[in-house]
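The following exercises are to be worked with the sequence and the coordinates at hand. Each task is followed by a solution in steps.

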Amino acid sequence: SSQSPVLTVKRDGDLLNLRFLDPEIRAVLRVSARRHHVLFEVVDIQPADVDQFDIEFPVTRLKTVGLAMNGTYDDKFGMCLFGTTVNTCNRPTTRSAAVQGLRSSCYRAHKIVGAAFALVAAPAVQFREAIMEAERENGLPCPMLDGAWARDSDAVRRSYLFAVGVHERDIDTLIEYAKTGGFGTIMILKDSWLANHGHFDVNTASFPEGVPSLKRAVTKIHAAGLHAGVHVFGPSISANDPYITPIPDERLAYVECPPLAEGAGAAATVLTLTAQPEGLPPKLGRSRAFPGYHIRVGNELIRYTEAEVGPPFRFTCCQRGALGTQAAAHAPGARVRGLLSQWGFFLVDPDSTLADELTQNFADVINACDFDLVYFDASDGTNSTYLDGWYYQNRMHLGYYQKLKRDVLYQTSNGTGRNA
């Protein structure tokens, strides 16, 4: 729990050897100088139980502070620091009215060695190009829309018509409405175009032939000179998806709980555990957003309404065989796991193969239909009791974006994790 500031920095070729106030701690960074940025990569840190490594540059606070980009700039100069690897998290810090801390962090939980950071600095007229250079050279998204950097493009300022209850036969009418209202994009609400989240099957009640119907709709919107977009909840899985029911996937995001203290029949509405689960009730409070009310015992999902701290700890008012799973009897000592959900949709283990699987499922539909915009709603709401929300967002959203065949306008409800 203690912090140790850097004491000395010694350069050896392209390596920086860092020593800290605590003599037991040392780190080695590889430094690569580029045209408009310097890349720092952690190649070693000792001892192995260092929990967090921060890199920070206290700089003069300029006219504008961009928290999303972890930078500060004015009409003469600009600078920013952002992580270039998925295991980094930007932590902009205001040190005083005159000093802005450009800080980014990495953590043992997601591996410190291998984390990399780009420090970008350039005259104002070159600042945008410098950021783009750092994005491209380090494998980050650098979307170009209609020939312009996405952040500066007309697409990000174009209004959209948010359409609900859409059927394929409604597209001509929506195009008429969009043109009348001066909208540049038609966005289709999640329930209109999706049957589920996870497998991302197209809702055939609205688009009878599935992907071909949805593609026809997009083609018609494009022919009218408009852009086409979709709304989706994520990055998460809906309760009706085959990853959830009838047998929940093992690669969902789970919180281990103590095992059952007593056997429970298939109709039991109270489940007694051997101890209180860590983080239940949630220390940071429970909201409609997070973390949910479902537990897994065997292949059964159980929804509880209340939790009695006890001792003994009990889940009470339980709905057995929830979400189409099969209620069953469970013996004493049976494994109990809490499922993490966000706004009623379930989270995945971000380091599992399921993360890559479901992001590919989504990209397959978007690529096939040639959408111009995707809006990931409900990306907000997590707290740090159960997982690192910044890492989850980084890992999942980067997975979605990298599988798209072309640059699109990519919108989320709270930004992509903590990286620019």
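**Exercise 1: The surroundings of T84**

Residues up to four places away in sequence being set aside, T84 touches L39, A116, F117, A118, N138 and L140. The model is a predicted one. Task: establish where T84 lies and whether T84 is buried or exposed.

*Solution.*
Step 1. Locate the residue: T84 belongs to the loop that connects β8 (77–83) with β9 (88–90).
Step 2. Apply the cut-off: a residue counts as buried under 20% relative accessible area. The relative accessible area of T84 is 10%, and therefore T84 is buried.
Step 3. Consider one of the contacts, L39. T84 and L39 are 45 residues apart along the chain, and their C-alpha atoms are separated by 8.8 Å.

**Exercise 2: The strands β3, β4 and β12**

Task: determine how strand β4 is paired with β3 and with β12, and name a bridge partner in each case.

*Solution.*
Step 1. Strands β3 (residues 26–33) and β4 (residues 37–46) run antiparallel and are joined by eight bridges. Within this pair, R30 has E41 of β4 as its bridge partner.
Step 2. The connection from β3 to β4 is a hairpin of three residues.
Step 3. β4 also pairs with strand β12 (residues 116–123), in the antiparallel sense and over five bridges. Here V38 has L119 of β12 as its bridge partner.

**Exercise 3: The five-stranded parallel sheet**

Task: give the strand order of the open sheet of five strands, identify its edge strands, and describe the helix α6 that packs on the sheet.

*Solution.*
Step 1. The order is β15-β16-β17-β27-β28, and the pairing is parallel.
Step 2. β15 (160–163) and β28 (409–412) are the edge strands, since each pairs on one side only.
Step 3. From one strand to the next, the twist averages 20°.
Step 4. Examine the pair at one edge: strand β27 (residues 373–377) is joined to β28 by four bridges in the parallel sense. In this pair F376 stands opposite T412 of β28.
Step 5. Helix α6 (residues 389–402) packs on the sheet and touches β27 and β28. The direction of α6 makes about 160° with that of β28.

**Exercise 4: The antiparallel sheet and a hairpin**

Task: state the order of the open sheet of three strands, then characterise the pairing of β20 with β21.

*Solution.*
Step 1. The three strands follow the order β19-β23-β22 with antiparallel pairing. The edges are β19 (271–272) and β22 (306–308), each pairing on one side only.
Step 2. Two bridges hold the antiparallel pair of β19 and β23; T272 stands opposite R314 in β23.
Step 3. Strands β20 (residues 294–297) and β21 (residues 300–303) run antiparallel and share four bridges. I295 stands opposite I302 in β21.
Step 4. β20 and β21 form a hairpin with two residues between them. In the turn, G298 has a positive phi of about 65°.

**Exercise 5: The loop residue A328**

Task: place A328 in the chain, classify its accessibility, and list its contacts beyond four places in sequence.

*Solution.*
Step 1. A328 is in the loop between β23 (314–316) and β24 (336–339).
Step 2. The bounds of the partly exposed class are 20% and 50% relative accessible area. A328 has 28%, so A328 is partly exposed.
Step 3. Neighbours within four places in sequence left aside, the contacts of A328 are A264, G265, A266, E300 and R320.
Step 4. Compare sequence and space for A267: A328 and A267 are 61 residues apart in sequence, and their C-alpha atoms are 8.0 Å apart.

**Exercise 6: The protein as a whole**

Task: summarise the secondary structure, the extent, the burial and the charges of the protein.

*Solution.*
Step 1. The protein has six helices and 28 strands.
Step 2. The C-alpha trace spans about 65 × 65 × 35 Å along the principal axes.
Step 3. Of the 420 residues, 50% are buried. The protein exposes about 19,100 Å², of which carbon and sulfur atoms supply 51%.
Step 4. Taking contacts between residues at least 6 apart in sequence, 65% join residues at least 24 apart.
Step 5. There are 41 positive and 46 negative charges, and their mean positions are 3 Å apart.

Note on methods:
Residues numbered from 1 in each chain as written. Predicted model: local features only at pLDDT ≥ 70, side-chain atom pairs only at ≥ 80, totals over all residues. Heavy atoms only, no water. Buried < 20%, exposed > 50% of the residue type's maximum accessible area, 1.4 Å probe, protein only. Contact = heavy atoms within 4.5 Å. Areas by Shrake-Rupley, 256 points an atom, 1.4 Å probe, with all protein chains shown as cover. Lys, Arg positive; Asp, Glu negative; His and termini not counted. Charge placed at Lys NZ, Arg CZ, Asp CG, Glu CD. Pairing = 2+ DSSP bridges. Axes fitted to C-alpha atoms, helices over the stretch in contact; angles between N-to-C directions.
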